[in-house]
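Please read the following account with the coordinates open beside it, moving from one region to the next as the text does.

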Amino acid sequence: MAQVTFKGNPVTLVGSQVKVGDAAPDFTVVDNSMGAVSLANYQGMVKIVSAVPSLDTPVCDTETRRFNQEAAKLPGDVVVLTISADLPFAQKRWCGAAGIDKVVTLSDYRDRSFALAYGVLIDELKLLSRSIFVIDKQNVIRYIQHVPEVTQEPDYEAALRAARELA
């Protein structure tokens, strides 16, 4: 299991721990229009999946804005998905206010399907731990970063490099 802290305090991650080389587990989340979305919606694409606790926090805001800028420079067969436990209404409002138009925001509020399938549910907070997964066109996990301290930013360049190599 990944060792993760939140504001310096150890937290417990719940769910199945995935590894590089594993088949990416399917999940069902909700888009900003309340529609169900699964991994199958992005079949044949390279997926950068950015799991964040809440878009309404400074680090998640910064991270999603950065991935939005980078997404514009990625090949057309690469999609950036940001998944949080925020309600779809809040995500839609935040995206509009932040000008997010390249990153797809998805909500895991309903049953934490993504969080449990990827082992990133913080038991104490019921939020997602800051993590990055790069999944290839055949739905195999090729890169993982569990950010050790949830309040810190991920290694953007490593994730982007992994995605570009798969495109």
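A pocket, as the word is used here, is an open set of points on a 1 Å grid over the protein atoms alone, with protein on both sides within 12 Å along at least five of seven lines, and its lining residues are those that have an atom within 4 Å of a point. The model to which this is applied is a predicted one. Its largest pocket has a volume of about 150 Å³, and the lining is made up of Phe-6, Lys-7, Pro-53, Ser-54, Thr-57, Pro-58, Val-59, Cys-60, Leu-127, Arg-130, Val-150 and Thr-151. Helix 1, which covers residues 58-71, supplies the largest share of that lining, with three residues.

Two of the lining residues, Pro-53 and Leu-127, lead on to Ala-85, since both are among the residues that Ala-85 touches beyond four places in sequence. Ala-85 lies in the loop that runs between strand 7 (78-84) and helix 2 (88-98), and the residue counts as buried because its relative accessible area is 12%, which is under the 20% limit. Its other contacts of this kind include Val-52, Ser-107, Asp-108, Tyr-109 and Lys-126. Arg-130, another residue of the pocket lining, is 45 residues away from Ala-85 along the chain, and the C-alpha atoms of the two are separated by 12 Å.

Ala-85 also touches Arg-112, a residue found in the loop between strand 8 (104-107) and helix 3 (113-118). Which side chain of opposite charge is nearest to Arg-112? It is that of Asp-108, 5.8 Å away, and Arg-112, although buried, has no salt bridge; the cut-off for such a bridge is 4 Å. With neighbours within four places in sequence left aside, Arg-112 is in contact with Ala-85, Leu-121 and Lys-126.

From Leu-121 one can pass to an open sheet of three strands, which are arranged in the order 3-9-10 with antiparallel pairing. Its edges are formed by strand 3 (13-14) and strand 10 (127-128), each of which pairs on one side only. Strand 3 is joined to strand 9 (residues 121-122) by two bridges, and within this pairing Val-14 stands opposite Leu-121.

Further along the chain, strand 11 (residues 131-135) and strand 12 (residues 141-146) pair in the antiparallel sense over five bridges, with Ile-132 standing opposite Gln-145 of strand 12. The hairpin made by strand 11 and strand 12 has five residues between the strands, and in this hairpin Asn-139 takes a positive phi near 65°.

How values were computed: Residues numbered from 1 in each chain as written. Predicted model: local features only at pLDDT ≥ 70, side-chain atom pairs only at ≥ 80, totals over all residues. Heavy atoms only, no water. Helix = DSSP H or I, 4+ residues; strand = E, 2+ residues; numbered from the N terminus. Buried < 20%, exposed > 50% of the residue type's maximum accessible area, 1.4 Å probe, protein only. Lys, Arg positive; Asp, Glu negative; His and termini not counted. Contact = heavy atoms within 4.5 Å. Pairing = 2+ DSSP bridges. 1 Å grid on protein atoms, 1.4 Å probe; cavity = no way out; pocket = protein on both sides within 12 Å on 5 of 7 lines; lining within 4 Å. Points joined across faces, edges and corners; volume = space filled by probe spheres on them.
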